[in-house]
Amino acid sequence: MAVRQSRNRTRRPAGVAAAVAVAALVAAAGPTAAAEPAPPAIAPAPAAPASGGPAKTPAFGAYLDYGPRGVARMAALSHWLGGAELRVGHTYLPGDRWSNIEGAPGFLDVWADWRTREADRMLVLNVPMMERNEEHVDDDEVRELLRQGAAGRFDHHFRALAERLVALKVPDTVLVLGWEMNGTTYTHRCGPDPEAWKTYWNRIVTTMRAVPGQKFRFDFAPSRGRDAVPWTRCYPGDATVDIIGMDSYDQPRGMSFDEQVKEPYGLQAHVDFAKAHGKPVSYPEWGLFRNGDNAAYMRRMLAWMDEHKPVYNTVTDYCPHGVWQCDDNPRSTAVYRSVLFGRTDEPEPTAPTPPEPTEPTVPTAPPVPPAPSTAPEPPAGCSPLELGDWVEYWLGGKLCMRLDWYARDK
């Protein structure tokens, strides 16, 4: 893949208190937050039918902001989508210093509060593996840092993070550890020493899993394509990976969605690799990019995720990638809203099961009643006389002689 443009995320402003009221921030969520949602003009595309019985709609959400505003905006985005369920909250630990990678007090509280309000919600947390993570540290220093991490120098930082998440009652957080390690953007990249990187990943996971009460799931999420190094070279092994994710933006310029599927280390290679390793997939970051307002990409990516049923997906919702907080992509926005409008986590309806076929049976015909006689009945007390067929023909029937004639005069 071509060298990627850095996607700087909105940092949490200094001095923001953890107790910021979520309701007070909804009003600032955007110009569409207060309006009643109208049915979209484009008919929603039906989700792909699942085999083996009803399946839940894949969990989805959006990256809306780094800090408390991200939590507040989820309610407004859900409203804009006609009440669709945003079950995934997604944020990033600051990678500037180790104290923030440990989950500095105050930052994660509002996210934990959102997660614990509903049992089926999911908190996705991107975790840097190094401090100074976006300061363009050179390869030689990265290589040395990776080797120090593999030797256990940074274990205590990740133990502190695990203990903090358990204490906040979010021990089932999905941790996107060392994301986009196959690129060049981050200090936690894999390329300078893949073997040290894998050993370091395994050491972090082992350290965090040793904390009592944890139920973490670890998501290995490279960027789509080859990038600086094939992401398969960085895979640390099935024992420490729970989900195999992929960050997939609409890039490089001019690449069609079919090419994004078929390219080396692309979308198809991702799902094939996950299947071979017995792991589910995810899409922690996706959205528009080099090809502008690309409605075809938006429709195809949503259909791809409906087909492959990731554990979760979260669109990166700021310009140039987004659809709700970015006015630059009106056609893609219309597609996104039409497909997800009103979507809930209810099982997809299935057709009623037809009865088992049986051998056809011939129905028994009802008995046919005998045809009534058309011969005239002689009156009661009358005895017919046998006068012969010729006489009876001219008389129009038999001649009857009453046997009680003598009694009629009495």
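**Overall picture**

I began with the contacts in the protein that have a separation of 6 or more, and residues 24 or more positions apart account for 79% of them. The model I am reading is a predicted one, and I keep that in mind for every entry below. I then looked up the secondary structure and found 12 helices and 11 strands in the protein. Of the 410 residues, 48% are buried.

**Helix 11 and what covers it**

I turned next to helix 11, which spans residues 330-340 and is mostly covered, with 8 of its 11 residues buried. I noted the buried ones as S332, T333, V335, Y336, R337, S338, V339 and L340. Which elements cover these residues of helix 11? I found that the cover includes two helices, helix 2 (68-80) and helix 10 (295-308), together with strand 1 (59-63), strand 8 (281-287) and strand 9 (312-316).

After the helix I came to G342, which follows helix 11 and has a positive phi, near 75°. I also looked up G342 together with H79: the two are 263 residues apart in sequence, yet their C-alpha atoms are 9.1 Å apart in space. H79 belongs to helix 2, and I recorded H79 as partly exposed because its relative accessibility is 24%, which falls between the limits of 20% for buried and 50% for exposed.

**The largest cavity**

I searched for enclosed space and counted 3 cavities of 30 Å³ or more. The largest cavity holds about 100 Å³. Its lining consists of P58, F60, W286, L302, M305, D306, N313, Y336, V339, L340 and R343. When I sorted the lining by residue class, I got 8 nonpolar residues, 1 polar and 2 charged. Helix 10 and helix 11 each supply at least two residues of this lining, and I note that Y336, V339 and L340, which line the cavity, are also among the buried residues of helix 11.

**T316 in strand 9**

I looked up T316 because strand 9 is part of the cover of helix 11, and T316 does lie in strand 9. T316 counts as buried because its relative accessible area is 2%, under the limit of 20%. Leaving aside residues up to four places away in sequence, I found that T316 touches Y63, Y249, E285, W286, H321 and G322. Two of these contacts, Y63 and W286, led me on: W286 is in the lining of the largest cavity, and Y63 belongs to an aromatic pair that I describe next.

**Aromatic rings**

I counted 21 aromatic pairs in the model. Y63 and Y92 form one that is edge-to-face, with 5.1 Å from centre to centre and 90° between the planes. This pair links distant parts of the chain, since Y63 lies in strand 1 and Y92 in strand 2 (residues 88-92), 29 residues apart. Are Y63 and Y92 buried or exposed? I found both of them buried.

Elsewhere I traced a cluster in which ring pairs link W197, W201, F220, W231, Y235, Y265 and F273. I also noted a charge over a ring, where the charged end of R290 sits over F289 at 4.7 Å from the centre of the ring.

**Backbone entries**

I checked for cis peptide bonds and recorded one that joins Q251 and P252, with omega about -5°. P252 sits in the loop between strand 7 (248-249) and helix 8 (257-262). Another cis peptide bond joins C319 and P320, with omega about 10°, and P320 lies in the loop between strand 9 and helix 11.

I then looked at residues that have a positive phi without being glycine. K169 has a phi of about 65° and is found in the loop between helix 6 (155-167) and strand 4 (174-177). E180 has a phi of about 50°, and its place is in the loop between strand 4 and helix 7 (194-209).

Why does K169 count as exposed? Its relative accessibility is 64%, and the limit for exposed is over 50%. E180, by contrast, is buried, with a relative accessible area of 4%, which is under the 20% limit.

Technical notes
Residues are numbered from 1 along each chain as its sequence is written. This is a predicted model: local features need pLDDT of at least 70, side-chain atom pairs count only at pLDDT 80 or more; totals for chains, interfaces and linings use all residues. Side-chain values use heavy atoms; hydrogens and water are left out. Buried means under 20% relative accessible area, exposed over 50%, partly exposed in between (1.4 Å probe, protein chains only). Helices (H or I, at least four residues) and strands (E, at least two) are DSSP runs, numbered from the N terminus. Contact means heavy atoms within 4.5 Å. On a 1 Å grid over the protein atoms alone, a cavity is a set of points where a 1.4 Å probe fits but cannot get out, and a pocket is an open set with protein on both sides within 12 Å along at least five of seven lines; lining residues have an atom within 4 Å of a point. Grid points are joined across faces, edges and corners, and a volume is the space filled by probe spheres set on the points. Ala, Val, Leu, Ile, Met, Phe, Trp, Tyr, Cys and Pro count as nonpolar, Asp, Glu, Lys and Arg as charged, and the others, Gly among them, as polar. Rings of Phe, Tyr and Trp (its six-membered ring) pair if their centres lie within 6.5 Å; planes under 30 degrees apart count as stacked, over 60 as edge-to-face and the rest as tilted. A charge sits over a ring if NZ of Lys or CZ of Arg is within 6 Å of the ring centre and within 35 degrees of the ring normal.
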